[in-house]
Amino acid sequence: MAKGDPGGTTRGRRAAPRSRKSATGNPELVQLLTPEGERIDSVTGPDGIEYRVDFTDEEYRGLYRDLVLVRKLDAEATALQRQGELGIWASLLGQEAAQVGSGRALRTQDMAFPTYREHGVLYCRGIDPIMPLGLFRGVDQGGWDPNEFKFNMYTIVIGAQTLHATGYAMGINMDGKTGTDDGEAVIAYFGDGATSQGDVNEAFVWAGVFNAPMVFFCQNNQYAISEPLERQTRIPLYQRAAGFGFPGIRVDGNDVLATYAVTRTALDNARHGQGPSLIEAYTYRMGAHTTSDDPTRYRIASEVEAWQAKDPISRVKAFLEKQQIADAAFFAEVDEQARRESVHLRERVLAMPNPEPVTMFDHVYPNGSPLLDEQRAQFSKYMESFEGSAH
Amino acid sequence: MATETLTLGKALNTGLRRALENDPKVIIMGEDVGKLGGVFRITDGLQKDFGDQRVIDTPLAESGIIGTAVGLAIRGYRPICEIQFDGFVYPAYDQIVSQVAKMHYRSRGKLSIPMVIRIPFGGGIGAVEHHSESPEAYFAHTAGLKVVSCANPQDAYVMIQQAIASDDPIVFLEPKRRYWEKGPVDLDAPLADAYPLHSARVVRPGTDVTLLAYGPMVRTCLDAATAAAEDGRELEVIDLRTLSPLDLSAAYESVKRTGRAVVVHEAPSNIGIGAELAARITEECFYSLESPVLRVTGFDTPYPAARVEEEYLPDLDRVLDAVDRSFGW
Ligand SMILES: Cc1ncc(C[n+]2csc(CCOP(=O)(O)OP(=O)(O)O)c2C)c(N)n1
Ligand SMILES: [Mg+2]
């Protein structure tokens, strides 16, 4: 999908007649594209809001391209880790639709606060996909400028970023940047496990009290490492929002269209001054928690297979084929682009230099510190003492 | 006679198992400690054998883990809390410092919190940020907490059981980079006869310099001592084992003989454990010292990216460099 602000509601030719209009199905789960690739025209969520998307064919193809690219780059990163080129990798496999759907729903002026798994959102923000690989390779701690791309640094400490997102959103209010179509909004990403953290619950309180223009976007991928959802909650996560006084909704996180529609609506509500909301994107972590993890210790193959049938990409492909929005040549071209970009990614990762050790002393303080100056000087002298030796 | 060769990780696992067997009030709580057996497998198999009422996968919230463990302790349980990585203990810091540490004092001794907080700590495993930290000074600085660290499988096996049996709240620091190192463990020796928990120990005798270390750096110091011996220098290595309370009797005795001391830890130096050791040794051994007490530590930066951690962490060369500097004074 083109950069910028896609997925408008009125532009261009609409893709083919929609297969059905559904008020049926699971009322608790907003879905616009079934696992079989059946398009649902619009859905009225339990919140009474009617969700629909109205993409041009070009835009549908763009979403498909995003999904495929994001998955391919992720697979390449996993392979690089297996070959010892990355220390660890947290794969997004299975969560492409949740990330591309929400990532594309962001408008240029919106700010995102990710965890460590939002490589798909990062991609949608226009950040070079090599950036997170530096962090996981161990050469830096993430290299992009959060303000330039409106995408904060990855946050590994579970839940912490939800408070940062809330504070940022409070700042938008203070700056008077809500209430119009080009108002600003914030999205905070976090997992199902994170919902147990104090920080996340405090963020809910703050966001409610201060009417923060933001969306809490929970990717419920059913696990926090080995712990299944039941270890974190007795009720569906989206229902938590009610207790904090703002709306919550569950969307099919493997449905890029529904995720887009729900996120776009929530962000627009926020930017218009209607405060926070919680989206639970119901999805599944198809791979291991990270490359260090062994999921066979805690989940069974049949569960994974059941989710395989709900794959976020194959349903878009089925839809594009059925509606003749894309042909074989298009799919081949996307695959070829994905292959090229992953090869390119690999080449650049292999060429990533190790940092100069002395750079570890940089940037600790904006104003520096005499203690560090001293340590840096001693360190340099010490390192020089090895030069020319066999060391 | 059951002396077995175990990894440090397996020795901890075996010690935990023994504690669960011996006292029905002992429970384990933490993230992923059940089915998964912990991300380092230190609790491997324990939920299977003792059930999910005693080996509890908790919700993902460290403050919750420690806070509820306080309540369980008041109720008569002996919780062993696993913090998954050093960098994730901070959400629980308030509970540890303000609640766990002070209960006994505030209740004038009516309440004890016999809690063990296990933390895999330190670097050297090539991890991403927040997975390689050395937070010991934060805890050792807090009255009401005890802080210990094991450095070899035998100590791991014994010390974890002693810590669980103790009525003090204890922060138990596990040198994660040494989890896979093997050593003999005597599985039968009665706990009552074991070397006391809060005692340092000379792990290599020497005459020329005293090296003081704990946890992961004990191995580094032993390697340095081996290397130095080839050059004709005999380094004495002391494994402190307990950081709060510190046991420095062996250190004083040693430094009075050697006249030189080097403290080695991964944690940054500023206002750290090494500073305390240097001050105390200087006070106690002033007239025996041939040179100032030197420190070999991590630098006062955040823990850096993995590809430069080798340069950040004290290693054999930096220890020997400090030994040279001590002699060159
Ligand atoms: C405060 C904190 N505690 C523990 C961890 C270790 N940890 C990393 S990921 C994870 C599980 C997170 O689960 P969830 O929030 O569902 O996100 P997911 O990884 O499934 O995307 C845990 C426990 C951490 N990073 N931060
Ligand atoms: Mg999860």
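Trainee: In this predicted model, what makes the approach of A:Ala194 to an oxygen atom of ligand 1 a polar contact?

Mentor: A backbone N or O atom of A:Ala194 lies 2.9 Å from an oxygen atom of ligand 1. A polar contact requires a pair of N or O atoms within 3.5 Å, so the pair qualifies. Taken alone, ligand 1 exposes 580 Å², and the protein buries 95% of that.

Trainee: Which side chains place an N or O atom at such a distance from an oxygen atom of ligand 1?

Mentor: Among them is A:Tyr116, with a side-chain N or O atom 2.6 Å from an oxygen atom of the ligand. Another is A:Arg117, whose polar side-chain atom lies 2.7 Å from an oxygen atom of ligand 1.

Trainee: What surrounds ligand 1, and where does the ligand lie?

Mentor: Ligand 1 lies between chains A and B. It is surrounded by 20 residues, the closest being A:Tyr116, A:Arg117, A:Ile156, A:Gly193 and B:Glu62. The shell comprises 10 nonpolar, 6 polar and 4 charged residues. Ligand 1 sits in the second largest pocket.

Trainee: How do you know that the span of helix H1 of chain A agrees with its number of residues?

Mentor: Helix H1 covers residues 57-82, which is 26 residues, and at 1.5 Å a residue it should span 38 Å. The C-alpha atoms at its ends are 38 Å apart, so the two values agree. After H1(A) comes A:Gly84, with a positive phi near 85°.

Trainee: What is notable about phi of A:Asn211, and where is this residue?

Mentor: Phi of A:Asn211 is near 50°, a positive value in a residue other than glycine. A:Asn211 is in the chain A loop between helix H7 (198-209) and strand S5 (214-220).

Trainee: What kind of peptide bond, cis or trans, joins B:Ser244 and B:Pro245?

Mentor: The bond is cis, with omega about 0°. B:Pro245 belongs to the loop between strand S12 (242-244) and helix H9 (249-258) of chain B.

Conventions
Residues are numbered from 1 along each chain as its sequence is written. Chains are lettered from A and ligands numbered from 1 in the order in which they are written. This is a predicted model: local features need pLDDT of at least 70, side-chain atom pairs count only at pLDDT 80 or more; totals for chains, interfaces and linings use all residues. Side-chain values use heavy atoms; hydrogens and water are left out. Helices (H or I, at least four residues) and strands (E, at least two) are DSSP runs, numbered from the N terminus. The expected span of a helix is 1.5 Å times one less than its number of residues. A residue is near a molecule or strand if one of its heavy atoms lies within 4 Å of it. A polar contact is a pair of N or O atoms within 3.5 Å; within protein, one must be able to donate a hydrogen and the other to accept it, and residues adjacent in sequence count only if both atoms are side-chain atoms. Accessible areas come from the Shrake-Rupley method with a 1.4 Å probe; for residues, only the protein chains shown count as cover. On a 1 Å grid over the protein atoms alone, a cavity is a set of points where a 1.4 Å probe fits but cannot get out, and a pocket is an open set with protein on both sides within 12 Å along at least five of seven lines; lining residues have an atom within 4 Å of a point. A molecule sits in a cavity or pocket if more than half of its atoms lie within 2 Å of its grid points. Ala, Val, Leu, Ile, Met, Phe, Trp, Tyr, Cys and Pro count as nonpolar, Asp, Glu, Lys and Arg as charged, and the others, Gly among them, as polar.
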